[in-house]
Amino acid sequence: MKTEKTFVMIKPDGIQRSLVGEIIERFERSGLKIVAMKMIVPSGEMVRKHYSLDPEWMRKTGEKTIAGYIKKGLKPPTDDPIESSTIVLNNLVKYMSCGPVVALILQGVHSVGIVRKLVGGTEPLTSDVGTIRGDYVLDSYQLSDIDGRAVRNLVHASGSVEEAKNEINLWFKDHEVIKYRHIQDEILYDADLKGILE
Ligand code: GDP
Ligand code: MG
């Protein structure tokens, strides 16, 4: 459990808005350990691969976007989930490959869930205050749809342990993931808490 890993990508808007330090600080201060990190410019092909790791992503995202329009009393641009998610995916490819991003792997107990909590809900308009997307973004599906682009939500974070494994395999080579002891591990995990008092 203590070595659960999750994959995070600070998207191009995070770099352009000089929020890299701020975002990483939020993950770091939770106690999670950074075990890999790099700056890259993703190719469109890699972004497509990233979103096709889950064969159900197209269908699920399509259904979600259509349901989102209906909930808001709006007419969806299409009734076909795959057509709907194809629009989302094409916009994501353009967004995520437009410039440098920072990819990192965070390790620690419940890392997937903890990071998702810190990142907040997908649409910045409704992400909770106190989360990264809630605090630093003013975007919405409504505006991004009108402008025909992906919603600028600063960060990607794996949604499950399984998703994290696949994403880590896609973006990192084995030798880029560093196994090391962090001083902090003791106060987080050591059941005996020996060695504090002199
Ligand atoms: P995440 O894990 O919170 O990033 O959300 P998902 O995995 O469901 O979706 C991946 C990305 O697709 C999101 O970060 C958004 O850019 C986009 N997306 C997801 N759902 C919607 C939606 O309902 N409308 C629009 N416009 N984009 C969406
Ligand atoms: Mg996701």
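User: Why is the pair between Arg 133 and ligand 1 called a polar contact?

Analyst: A polar side-chain atom of Arg 133 sits 3.0 Å from an oxygen atom of ligand 1. A polar contact is a pair of N or O atoms within 3.5 Å; within protein, one must be able to donate a hydrogen and the other to accept it, and sequence neighbours count only if both atoms are side-chain atoms. The 3.0 Å pair therefore qualifies. This is a predicted model: local features need pLDDT of at least 70, side-chain atom pairs need 80 or more, and totals for chains, interfaces and linings use all residues. Residues are numbered from 1 along each chain, chains are lettered from A and ligands numbered from 1 as written, and side-chain values use heavy atoms, without hydrogens or water.

User: What makes Thr 122 and Arg 116 partners of ligand 1 too?

Analyst: A polar side-chain atom of Thr 122 is 2.6 Å from a ligand oxygen. For Arg 116, a side-chain N or O atom is 2.8 Å from one. The protein buries 89% of the 540 Å² that ligand 1 exposes alone (Shrake-Rupley, 1.4 Å probe).

User: What puts a residue in the shell, and how many surround ligand 1?

Analyst: A heavy atom within 4 Å of the ligand. 14 residues surround ligand 1, with Lys 64 and Asn 153 among the closest. Helix H4 gives the most, three residues. Helices here are DSSP runs (H or I, at least four residues), and strands are E runs of at least two, numbered from the N terminus. The chain has ten helices and four strands.

User: How do you know whether the chain's radius of gyration fits a compact globule?

Analyst: The rule is 2.2 Å times the number of residues to the power 0.38, over C-alpha atoms. For 198 residues that gives near 16 Å; the chain has 18 Å, so the two agree.
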